[in-house]
Amino acid sequence: MDPQAGCVVVTGFGPFRQHLVNPSWEAVQVDLFPQELSKLGLGGDTEVELRTLQLPVDYRAARQEVTRIWEDLRPQLVVHVGVDASTKVIILEQCGKNRGYRDADIRGFRPEGGVCVAGGPEVIASVVSMRAVCRRLAVEDVEMAFSRDAGRYVCDYTYYLSLHLGSGHAALVHVPPRSRGLPASLLAKALQVIIQALLEESAKARAQSLDGGKPAHVDASQREPAEKMKSFSPGESSPVHREAS
């Protein structure tokens, strides 16, 4: 099924644990965010039709919503935004994992066998190189990193499903909790820049696929070794075990 040209869906998550107002949804809901992003094109006159949705931190409900997004809206790209309680930087997640979902969601539910898609590949990578995006972007007062381990909670589960349904044309961005130095308005500004870059890279990957190049849907085991680094310090690593959604 062909995607709708210029349709981009951005999701944030609802409350969970100590996050009565999830910073991921706050960043997506900042007043100027949709209007500013809707002005972004791909170097021409094409405008982006932006849809923003809140996903519950609930495996089953999130699954229903993500399936509906891909079946009904047929977006060019879906960007999921989650919160990572252990970080102070914005993290671009390269891939989603199919197994290991043992932590209960807000309703106490755990996926059967800890699996997202029965029979699916162990790992699915986004068609977008998050390392490349991370290295080329600079947002004043905001640090960015890329990661290959999204934390095995509802955000990772959602990301894997979206990658599976969207043939790799999805992304997951983890934002840190609110702080005096990184308010929701600044997070929203950074997300605008990041989403524009993700959209451009997704479009390039789709065009390459249509031209008979490398397939869009790639098992992440074929990609570069796992690592995580700050965009401004390419050799600096950081932990990957996180509480995130």
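Buried means under 20% relative accessible area, exposed means over 50%, and partly exposed is anything in between (1.4 Å probe, protein chains only). This is a predicted model, where local features need pLDDT of at least 70, side-chain atom pairs count only at pLDDT 80 or more, and totals for chains, interfaces and linings use all residues. Residues are numbered from 1 along each chain as its sequence is written, and side-chain values use heavy atoms, with hydrogens and water left out.

**View 1. The whole protein has six helices and eleven strands.** Helices (H or I, at least four residues) and strands (E, at least two) are DSSP runs, numbered from the N terminus. Of the 245 residues in the protein, 52% are buried. Now look at contacts, meaning heavy atoms within 4.5 Å. Take those with a separation of 6 or more: 84% of them join residues 24 or more positions apart.

**View 2. Helices α3 and α5 pack against each other at an angle of about 25°.** Helix α3 covers residues 59-73, helix α5 covers residues 154-165, and their axes sit 10 Å apart. Those axes are lines fitted to C-alpha atoms, for helices over the stretch in contact, and angles run from 0 to 180 degrees between N-to-C directions. The pair is therefore roughly parallel; angles under 35 degrees earn that label, over 145 is roughly antiparallel, 65 to 115 is roughly perpendicular and the rest are oblique. The crossing of α3 and α5 is right-handed, which means the near helix is turned clockwise from the far one by less than a right angle (anticlockwise would make it left-handed). From α3, the contact uses Y59, A62, R63, V66, T67 and W70, while α5 brings V154, Y157, T158, L161, S162 and L165. Sort these contact residues by type and you get eight nonpolar, three polar and one charged. Here Ala, Val, Leu, Ile, Met, Phe, Trp, Tyr, Cys and Pro count as nonpolar, Asp, Glu, Lys and Arg as charged, and the others, Gly among them, as polar.

**View 3. Helix α5 is largely enclosed by the rest of the structure, because ten of its twelve residues are buried.** The buried ones are V154, C155, D156, Y157, T158, Y159, Y160, L161, S162 and L163. From first C-alpha to last, α5 reaches 16 Å, close to the 16 Å expected at 1.5 Å a residue; the expected span is 1.5 Å times one less than the number of residues. After α5 comes S167, with a positive phi near 50°.

**View 4. A62 is a buried residue, with a relative accessible area of 1%.** You'll find A62 in helix α3. Leaving out residues up to four places away in sequence, A62 touches P56, V154 and T158. C155 is 93 residues from A62 along the chain, yet their C-alpha atoms are separated by 9.1 Å.

**View 5. R74 and R152 are two loop residues with positive phi.** R74 lies in the loop between α3 and β3 (77-83), and its phi is near 45°. At 28% relative accessibility, R74 is partly exposed. R152 is in the loop between β7 (144-147) and α5, with phi near 55°. R152 is also partly exposed, at 26% relative accessible area.

**View 6. V133, in helix α4 (residues 130-136), rounds off the set.** With 1% relative accessibility, V133 counts as buried. Beyond residues up to four places away in sequence, V133 touches L92, V128, A197, L198 and E201. The C-alpha atoms of V133 and M144, eleven residues apart along the chain, are separated by 9.7 Å.
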